[in-house]
Amino acid sequence: MSWHEIFNFEDYGALLGLIQNSIVAGAVLGLVGGLAGTFVIMRDLAFAVHGISELSFAGAAAALLLGTGVAGGSIAGALAAAALIGVLGSRARDRGSVIGVLMPFGLGLGVLFLSLYEGRSANKFGLLTGQIVAIDTPKLSWLLATSAVVLVCLAVMWRPLAFASLDPEVAAARGVPVRALSPAFMLVLALAVAVSMQIVGALLVLALICTPAAAAVRVSASPVLVPVLSTVLATVSVVGGILLSAGSSIPVSPYVTTISFLLYGVCRAAGAVRTRRGWTARRAPLRLDTVPT
C-alpha cells in the first residue's frame with residue numbers, strides 16, 4: 001500500500017469543515033480525560049478504566065441493537081460497571097479480580113449484541129475504534145453536557161479527593177469522607193469513559209484517560225503542573241489524531257494512541273534525564289495542612 005492510498009490531503013479544508021464538531025469534542029475530551037486521568041494514576045485505577053470501557057461498550061452495543069440512543073446506552077453501561085466495581089471491589093485487593101471478571105463479561109455481551117445487529121458495519125466498528133464524522137450537533141450537545149457534569153464534579157471534590165488519594169489514613173483522620181469519595185469518583189470516571197468512547201472507541205480509551213497523566217507524572221510532581229500537563233497532552237493526542245485521520249483512510253484511534261504513546265516516550269525520556277542530573281521530584285506534591293477538613 002502506497003503513501004497516497006493512506007493519506008490524501010486534497011480538499012483538506014473542506015474536510016475540516018465537516019469535522020469541526022469532532023475537533024471541538026476532541027478538545028473537550030482532552031480536558032476531561034487529562035483531569036480525570038490525574039486521579040486515575042494517583043489511585044492506580046488504570047485497570048478499572050478498561051473494565052468500565054468494556055461494559056460501556058456492551059451498553060452502547062445493546063442500544064445500537066434496540067435502536068435507541070447509543071450515548072445513553074454507553075453511559076448506562078459505564079455507570080453499571082462503576083457501581084459493580086465500587087460495591088464488589090470496595091477493598092483494593094478485591095478490585096483487580098472483580099474487574100477481571102467484568103471485562104470479559106462486558107466484551108462478550110457487546111460482541112453478542114453486535115452479532116445480532118443487522119445494520120451498517122461502520123456503526124459496529126465505530127464502537128470499538130471511534131468515529132470522527134459521527135459527531136453531529138445533537139451528539140456534540142450531549143457530549144458537552146456530560147463533560148460539564150464531570151468537570152463540575154471534579155472541581156467540587158478535587159482537594160479532598162487529592163488528599164484521600166495521597167494518604168487515605170491521614171485524610172480520614174482529618175475528617176475527609178474517604179469512603180464516600182471512592183465510589184463517587186468511580187461514577188465520575190464512568191461518565192468520563194463513556195464520553196471518551198465516542199471519539200476513540202471502547203478498546204483504546206486508556207490512551208486518552210491514562211497515558212497523558214502517566215506521562216505528566218514522569219516529568220513533574222507538582223499538584224498544579226501535573227493536571228495541566230496531562231490535559232495538554234491529552235488534547236494534543238485527540239485533536240492531533242482527528243486532524244491526521246481527516247486526511248487518511250485509517251480510523252482515528254490509531255493516530256490518537258500513537259501520538260499519546262510518543263508523547264509518553266518523550267516525557268519518560270525527559271524524566272530519566274532529569275533524574276540523572278540529580279533533579280529530585282517532591283514526593284509529597286500536596287501539603288496536608290492545606291487540605292480542608
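Is L84 buried, exposed or partly exposed? Partly exposed, because its relative accessible area is 35%, between the 20% and 50% cut-offs. L84 sits in helix α5, residues 70-88. Its C-alpha atom is 9.0 Å from that of I99. Those two residues are 15 apart along the chain.

Now the whole protein. This is a predicted model, so confidence comes up first. Mean pLDDT is 83. Of the residues, 87% reach 70 or more. Which elements mark the two ends of the range in mean pLDDT? Helix α1, residues 3-6, has the lowest mean, 56. Helix α12, residues 211-219, has the highest, 93.

There is one stretch to watch. Over residues 280-293, pLDDT stays under 50. The model still has 26 contacts for that stretch beyond four places in sequence. Where pLDDT is low, the predicted coordinates should not be read in detail.

Next, the overall build. The protein has 14 helices and 0 strands. From the N terminus on, then, every element in the run is α. There are 293 residues, and 48% of them are buried. The accessible surface comes to about 13800 Å². Carbon and sulfur atoms account for 67% of that surface. What about contacts along the chain? Take those between residues at least 6 apart in sequence: 78% join residues at least 24 apart.

On to the core. The largest nonpolar core holds 61 residues. Which members touch the most others? I52, F185 and I209. Helix α10, residues 178-200, gives the most to this core, with 14 residues. There is also another core, apart from this one. That second core has 12 residues, including A62, Y117, L127 and A202.

Look at I52 in particular. Leave out residues up to four places away in sequence. I52 then touches A78, A81, A82 and I85. It also touches M186, L189, A190 and V193.

Let me stay with α10. How many of its 23 residues are buried? The count is 17, and the helix is mostly covered. Now check the length. At 1.5 Å a residue, the 23 residues of α10 should span 33 Å. The end C-alpha atoms are 32 Å apart, so the model agrees with the expected span. After α10 comes G201. Its phi is positive, near 85°.

A second positive phi is found at D44, near 55°. D44 is a residue other than glycine. Where is D44? In the loop between α3, residues 20-42, and α4, residues 46-66. Its relative accessibility is 65%, so D44 counts as exposed; the cut-off for that is over 50%.

Now the aromatics. A search of the whole structure finds 2 aromatic pairs. One of them is F39 with W158. The geometry is edge-to-face: 4.6 Å centre to centre, 75° between the planes. This pair links distant parts of the chain. F39 is in helix α3 and W158 is in helix α8, residues 137-166. They are 119 residues apart.

Are these rings buried? F39 counts as buried because its relative accessibility is 1%. W158 counts as partly exposed, because its relative accessibility is 22%.

The other pair is F39 with F185. Again edge-to-face: 5.8 Å centre to centre, 65° between the planes. This pair also links distant parts of the chain, with F39 in α3 and F185 in α10. The separation is 146 residues. F185 counts as buried, because its relative accessibility is 0%. Taken together, F39, W158 and F185 form one aromatic cluster. Recall that F185 is also among the residues that touch the most other members of the largest nonpolar core.

One last residue: E54. Is E54 buried or exposed? Buried, because its relative accessible area is 4%, and the cut-off is under 20%. E54 is placed in helix α4. What does E54 contact, leaving aside neighbours within four places in sequence? M103, G106, L107 and L203.

To wrap up, three items to look at on the screen. The aromatic cluster of F39, W158 and F185. Helix α10, with 14 residues in the largest nonpolar core. And residues 280-293, where pLDDT stays under 50.

Methods: Residues are numbered from 1 along each chain as its sequence is written. This is a predicted model: local features need pLDDT of at least 70, side-chain atom pairs count only at pLDDT 80 or more; totals for chains, interfaces and linings use all residues. Side-chain values use heavy atoms; hydrogens and water are left out. A nonpolar core is a set of buried Ala, Val, Leu, Ile, Met, Phe, Trp, Tyr and Cys residues joined through side-chain atoms within 4.5 Å. Buried means under 20% relative accessible area, exposed over 50%, partly exposed in between (1.4 Å probe, protein chains only). Helices (H or I, at least four residues) and strands (E, at least two) are DSSP runs, numbered from the N terminus. Contact means heavy atoms within 4.5 Å. pLDDT is the predictor's confidence in each residue, from 0 to 100. The expected span of a helix is 1.5 Å times one less than its number of residues. Rings of Phe, Tyr and Trp (its six-membered ring) pair if their centres lie within 6.5 Å; planes under 30 degrees apart count as stacked, over 60 as edge-to-face and the rest as tilted. Accessible areas come from the Shrake-Rupley method with a 1.4 Å probe; for residues, only the protein chains shown count as cover.
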